[in-house]
Amino acid sequence: MNRRTLLSTAAAVAGTVAMAPLLSACGDGGQSTGGASTKKGLKTALPSFAPNSSLKPDIPSVAGGADIATDPGFLTYPAQQARTVDGVPGKGGSYTAVTPLWGTVPSPSNSFYQAMNKALGVDLKIKPTDGNNYLTIIPTMTSAKKLPDWLQLPAWWNSGFNTGGLAGTQLADLTPYLAGDKIKKYPNLAAIPSGAWQAGSWGNKIYGIPSYSSSCVVAGTTFYRRDILDAKGITADQITSAADLFALGKELTDAKRGVWAFDDVWTYLFPFWGVPNKWKVENGKLINKYETPEFLDALDWHYKLAKSGSMHPDALAGQEASASTRFYSGKVLISGGGTGAWNLTDQQSGSAANKDYRRGAFDVFAADGTSRPSLFLGNSTGVISYLNRGLGKDQIEELLAVADYLAAPYGSAEYTMVNFGVEGVHHTMVKGVPTFTDAGKKYVQPQTYSFLASCPQVVSNPGADQVTRDFTAWQAANVKYLYKPVFWNMNISLPASLATADAAQSVEDTIKDCCHGKQKVSDVQAAIAAWKSSGTRLKNWLTTNVLEKYGTGQ
């Protein structure tokens, strides 16, 4: 499992983390110790950004707006694995760390953990915990106030963990160690983009250490079978409106041959109508996406799509688990999904079904075909670790030095150690690519250390250059359309009574049914009407407690 697949898997477990601010519920009494940060306060607290130039990518990053840039691409694994950390970062301290793991937990004190402790200069007892039950396991620790020294708290579960309430009470304030130029003591941490540090901030202070960060996070996109459409003479640049896409669906569908154009696309396509991820601000007032005419226009199009005969019957039935099989087999030619799916593993799976398999994605377009396209940016990361507030100054500095080692850039000597283990024991170099041995598959492949800290995302699929070229080209073509949504990367501590209103589950369930043709647009409007009173309370609370005090985060 590579890093991008891992992040995609984690996001799939969590839901679409990129589409919401980082929320944390606190008691009905109001704001917890942790909370949103102001632009002015963050300016003082955020670490200074200093990109790492020790390894040059084959495909450089392309800048978009402020804090927005594509992920760099590597066509091969760097042959010269530069060292970015002098000596051993630790000073012999002993610590415990807990991370989630979706897979088989390696045995403690295995050869990889021993080798890592030697490389890090600390006795770090890694305790991977079942990711499927993580949401129930961690609150038991926090309620008993028995946290490990280093703890991973995925941001999509901030509400369940009450991360905002833990900030400053059980989690250490890292601002004194990392703010501004202080982070230069840890060059690899300084190369993590500012937005990712903002995602781990609470109340104008830095608490979290980011992993898997990116300045080009989007919830996903609308994919298509490029090999099949190319063979028909159809290219993505021919689709410049929702009407074009609808017509293409009619053209591609051949139910008699068992081929339908569409799988589910709502989650990744509705922004093309100019619909915000959740909120927008007009004339200084918050407006929910449900209140916009663009939302109803998008919903109407998707309802008509469900009734058009161009969607696969299994997609209409909500059989999401088999969506990739439908796509690989060519039974579906257009499907929405997270960009984490665009990788080497996908190419291997698709090629097993069809040797000519090639994934493509439509560029962002405006549904009406005339407006400027736009797509909201996701949070810079949802994978954040924290240190225990009970640690002393020397201990925090020692663990930050360890984190700096773990965050070494892609292809460096430290990155290779963290992700592939010891050469000859946990991996061997095969055609220039680190390849796991049996021991590596058993002890290293289950990701643990990278959940504590890791370098920013890169696009790399050794052995599948076309995949890397295609994905980086798509990012480069669309980065100019990305914008920061309202409450971008903001940690908002909602009262528990409003968490249900924020989720709006009854509305979202009705939307899904509508997009499958099971309910009408009017049914969604009725669900919105039933939600509106709680939605208004949510809006009023956000206006008073976030918008007016902290701004939009944009």
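Let me start at Ser241, which sits in the loop between helix H10, residues 226–231, and helix H11. Keep in mind that this is a predicted model. Is Ser241 buried or exposed? Its relative accessible area is 9%, under the 20% cut-off, so Ser241 counts as buried. Apart from neighbours within four places in sequence, Ser241 touches a run of residues further along: Phe365, Ala366, Ala367, Asp368 and Gly369.

From that loop we go into helix H11 itself. H11 covers residues 242–252, and its axis comes within 11 Å of the axis of helix H13, residues 293–307. The two axes cross at roughly 10°. An angle under 35 degrees counts as roughly parallel, and that is therefore how H11 and H13 run relative to each other. Which residues make the contact? On the H11 side they are Ala242, Leu245 and Phe246, and on the H13 side Trp301, Lys304 and Leu305. By class, five of these residues are nonpolar, none is polar and one is charged. As for the spacing of such residues, a general point: an α-helix has 3.6 residues a turn, so residues three or four places apart point the same way.

Next, the sheet. Please find the open sheet of five strands, in the order E4-E3-E5-E16-E8. Its pairing is mixed. The edges are strand E4, residues 123–130, and strand E8, residues 209–211, each of which pairs on one side only. From one strand to the next, the twist averages 20°.

Within this sheet, take the pair E3 and E4. Strand E3 spans residues 94–101, and it pairs with E4 in the parallel sense, over eight bridges. As one example of the register, Val98 stands opposite Lys127 in E4.

Two helices lie across strands of this sheet. Helix H4, residues 134–144, lies across E3, E4 and strand E5, which is residues 150–152. H4 runs at about 150° to E3. Helix H17, residues 393–406, lies across E3, E5, E8 and strand E16, residues 383–387. The angle of H17 to E5 is about 45°.

H17 comes up again with helix H3. How many of the ten residues of H3, 111–120, are buried? Seven are, which makes the helix mostly covered. Those seven are Phe112, Tyr113, Ala115, Met116, Asn117, Ala119 and Leu120. The elements covering them include E4, H17, H18 and helix H19, residues 438–443.

Now to the hairpin of E17 and E18. The strands run antiparallel and are joined by four bridges, with E18 covering residues 433–436. His427 stands opposite Phe436, and Met429 has Pro434 as its bridge partner. Two residues lie between the strands, and in this hairpin Lys431 takes a positive phi near 55°. E18 also has two unlike faces: Pro434 and Phe436 are on the covered face, while Val433 and Thr435 are on the uncovered one.

Just ahead of this hairpin is Val425, in the loop between helix H18, residues 413–420, and strand E17, residues 427–430. Why does Val425 count as partly exposed? Its relative accessibility is 40%, and the class takes in values between 20% and 50%, so Val425 falls inside it. Setting aside neighbours within four places in sequence, Val425 is in contact with Thr437 and Ala439. For a sense of distance, its C-alpha atom is 29 Å from that of Ser213, which is 212 residues away along the chain.

Last, the cysteines. How many disulfides does the structure hold? Zero. As background, a disulfide is a covalent bond between the sulfur atoms of two cysteines. Two cases show how the sulfurs are placed. For Cys455, the closest cysteine sulfur is in Cys216, 16 Å away, which is too far for a bond. Cys455 is buried, with a relative accessible area of 2%. For Cys514, the closest cysteine sulfur is that of Cys515, at 5.6 Å. The cut-off here is 2.5 Å, so that pair is also too far apart for a bond. Cys514 counts as buried too, because its relative accessibility is 0%.

Technical notes. Residues numbered from 1 in each chain as written. Predicted model: local features only at pLDDT ≥ 70, side-chain atom pairs only at ≥ 80, totals over all residues. Heavy atoms only, no water. Buried < 20%, exposed > 50% of the residue type's maximum accessible area, 1.4 Å probe, protein only. Contact = heavy atoms within 4.5 Å. Axes fitted to C-alpha atoms, helices over the stretch in contact; angles between N-to-C directions. Parallel < 35°, antiparallel > 145°, perpendicular 65-115°, else oblique. Nonpolar A, V, L, I, M, F, W, Y, C, P; charged D, E, K, R; others polar. Pairing = 2+ DSSP bridges.
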